[in-house]
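Please open the model in your viewer and keep the selection panel at hand. The tour begins with one residue and then widens to the elements around it.

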Amino acid sequence: MSTDFLAGLNPPQRQAASIRDGAILVLAGAGSGKTRLLTHRIAWLVEQGVPPWQILAVTFTNKAAGEMKERVAQMLSKQGHGEAARELTVSTFHSMCARFLRRDIEPLGWTRSFTIYDADDQKRLVRDLLKEMGLGDVKPTAMRRAIDQAKNQMLSPAELERQGERAPGDPTVDVYRRYEAALRSGNALDFNDLVNHMVRLWRDHPAVAERYRRRYRYLLVDEYQDTNQAQYQLVRLLAAPSTGGHGNVMVVGDDDQSIYAFRGADIRNILDFEKDFPGCQTIRLEQNYRSTAHILDAANAVVANNRGRMEKSLWTDVGAGEKVRTIASADEGDEARAVVSLLRSEQRGGRRWGDMAIIYRTNAASRSFEQALLQARIPHILVGSRKFYERREVRDMVGYLKLLLNPADEMALLRVINVPRRGVGPKSMATIRAQARAAGVSSYVAARQWSQGRGKARAAVAAFLDLLDRIRSELGQYAPGTVVEMLLRESGYAEMLQSEENGADRLNNVLELARAIEEDQEATEAEDAADPFVRLQDFLDRASLSAQSDELPDDDQEGRVTLLTAHLCKGLEFPLVTVAGMHEGGFPHWNARENEHDVEEERRLVYVAMTRAQQLLVLSRPRRRLRPGAGFEDVAASRFLKEIPREHLHRSAVGGSRRAASGLSGERARQLGFAGIDAGSRTTSMRRRTMRRRSLPDVTSAPRAPTKPSAPRGSHRSITIEDPSQLSKGARVLHPSLGAGTIRRADGAGSNLKLTIHFDAHGRKVIYARFVELELLE
């Protein structure tokens, strides 16, 4: 057995990397070198004579896939196998399925020029459908989330309806059914469809599946604990002997880091792998190369309290290191200032700002830390800011390009038909769409028919469609970047930007898009890869898929403190990590405190956050939190703090003194970002600040009974709803479009809470709380 590609691996890594055939489950603890294992195994398989084109490695992010392929290429090149690296397939699940469906989707009823709808496209489609159905009270985001949840379970509208778990009158199934019809008529797939349709294709067309099984004889799956039902089925259909697969599959994951249940990830996939692949070999990677012993032992002590886990004993030989520091402050503002003070002290002691991160449970929790860092003039980066492909001008130009390749793409047409303004308002567009449905044609064809009439707007639309038709017919004559420049110039878009504030920056963004298309040389397996049409289609696929990925800090952000949620921190590491909000309602989150299954996921989330730390881990919490309309209320320390043995903890002296919970000065209120609070009052109402979310916030104490004074008509003072139990009979509420009203009846609970409300100006209405942003009136 050659050891060229096994050198430097520890014994368990070496064992896993050098098993040629059969199923392998690798339980890779945090910081145990799983990426190193995967890259060495791929290189070793090539050295053993496995044709590189028979190897398929799948992970979850484009960044991880790119890094893995680059590492393997470097290893193979050093041993004289440089050509082999180009024949490997290393991809994300969704990119892989998009590529496969471009070849084979036609048996499912779509053409190969299908469009991929990203999150913004999906939301706009749902919003339009809700408007058409007269469901203006339903929140598009909540409805899209409900559809995503159904698709994560691979449930069709009919299957969702058969479940019978919806309350009477719930419109989800009807909206979902129309949503699917709109996708099909627009020759479009959404993000979930990419994997789901691949499963259906392989399941319902065995000959297609067998072709892929012959091609890919060795499958490697990273982060297997994050797979959902469709991804699990994809692995089974390709590799499981019970489905005709070859059985040569290695899955690598850590059940203790399964934290994406809200996206459909199913921890049972990794827990049951040994049942799905009888005779598989299970190997545990338990040596941690990242954290010191105190950090690792503290994190292990927390996650060990979970019942549904596979036993692991992580250890490290990097030394004990510093004990885990804890900070208990008077309130959230003091907590943020205490943490920032500690970071400042560490920076003066030699640490760089880029070595530090603050991790919290929800995005809303970042506010006090952003404010404290700004006041201290400390450079920082908030992960999750607007990405390049989400910018309006870039999305507009991508819409033009999508329409060139797929004229049936209704969302693309709706986005750009009146950009720049061509006089096509909502009424005209509604007429076009109605004509399309009546004639059974696409809106693009109906727009062409509509444009034949008289009028300035119709002439403008005719010129717009003529431009697209002409460029589409000439696609083969121009490089894709040149096509962007033609659209920019001839559509009038460049002229429009020149008249806008910051128009020069926006124009540069569009030109950067053109450059990105030209510079994009990512390898493709298509035989006609030089075809401009294919190159443009591949680029748009990657652009749509990149918009679905959570934004992570770039490697060059070395001079800034990183702020991010625990869900975004997986795969990252920092010398100094502060895990903030370690109180009941923070970790664990307020809506996950009662169900033991949810509590175990929250415990895994804390474990992931803690194990990002390499040298120093700080756990901070407030002793009380400010609740709108209620003043300060005490919050208990997180149960997870109590699970850490004392020998691993050092209680910090910083954190501020504890104030009486009965009063809040006006000056202190302004410092914390709230206005309108009288000194010493626990019940004075306050206006919601622009930085505070309108949806249910991260509350940390038991719900209070809602206040029920009659609100004057006209000018209403409202507070954010902190717990669904506040929506009780008799409560006065404010609806975003119907105004003030009184709850007459509340039926159901949780996501099925149905309210009968008598509105002052509109009478009796029945609504579902989860679809409407209500506020309480005082």
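Start by selecting Arg325 in this predicted model: its relative accessible area is 17%, and because the cut-off for a buried residue is under 20%, Arg325 counts as buried. The residue belongs to strand 9, and if neighbours within four places in sequence are set aside, its contacts are Leu342, Glu346, Leu616, Leu617, Val618, Leu619 and His650.

Next, colour the sheet that contains strand 9, an open sheet of 7 strands with parallel pairing, in the order 11-12-10-13-14-9-17. Its edges are formed by strand 11 (380-382) and strand 17 (649-651), each of which pairs on one side only. On average, and with direction ignored, neighbouring strands here are turned by 25° against each other.

Within this sheet, select residues 356-360 and 561-565, which are strand 10 and strand 12; the two run parallel and are joined by 4 bridges. Ile358 has Leu563 in strand 12 as its bridge partner. Then add helix 27 (residues 596-610), which packs on the sheet and touches strand 10, strand 13 (574-579) and strand 14, its direction making about 130° with that of strand 14.

Now show helix 15 (residues 293-303), which lies across strand 9 (324-329) and strand 14 (613-622) and runs at about 50° to strand 14.

Move on to helix 18 (residues 392-405), and ask how far apart its end C-alpha atoms are. They are 20 Å apart, which agrees with the 20 Å that 14 residues should span at 1.5 Å a residue. Of these 14 residues 13 are buried, so helix 18 is largely enclosed by the rest of the structure.

For another pair of strands, select strand 2 (residues 55-59) together with strand 3, which run parallel and are joined by 4 bridges; the partner of Ala57 in strand 3 is Val90. Show the side chains of strand 3 (residues 89-92): which of them point one way, and which the other? Thr89 and Ser91 point one way and Val90 and Thr92 the other, and all are buried. In a regular strand the side chains alternate between the two faces of the sheet.

Finally, zoom out to the whole protein, which has 29 helices and 23 strands and in which buried residues make up 56% of the 778 residues. Among contacts with a separation of 6 or more, 73% are between residues 24 or more positions apart. A surface display will show the exposed area, about 32800 Å², of which carbon and sulfur atoms supply 47%.

Key
Residues numbered from 1 in each chain as written. Predicted model: local features only at pLDDT ≥ 70, side-chain atom pairs only at ≥ 80, totals over all residues. Heavy atoms only, no water. Pairing = 2+ DSSP bridges. Axes fitted to C-alpha atoms, helices over the stretch in contact; angles between N-to-C directions. Contact = heavy atoms within 4.5 Å. Buried < 20%, exposed > 50% of the residue type's maximum accessible area, 1.4 Å probe, protein only. Expected span 1.5 Å × (residues − 1). Areas by Shrake-Rupley, 256 points an atom, 1.4 Å probe, with all protein chains shown as cover.
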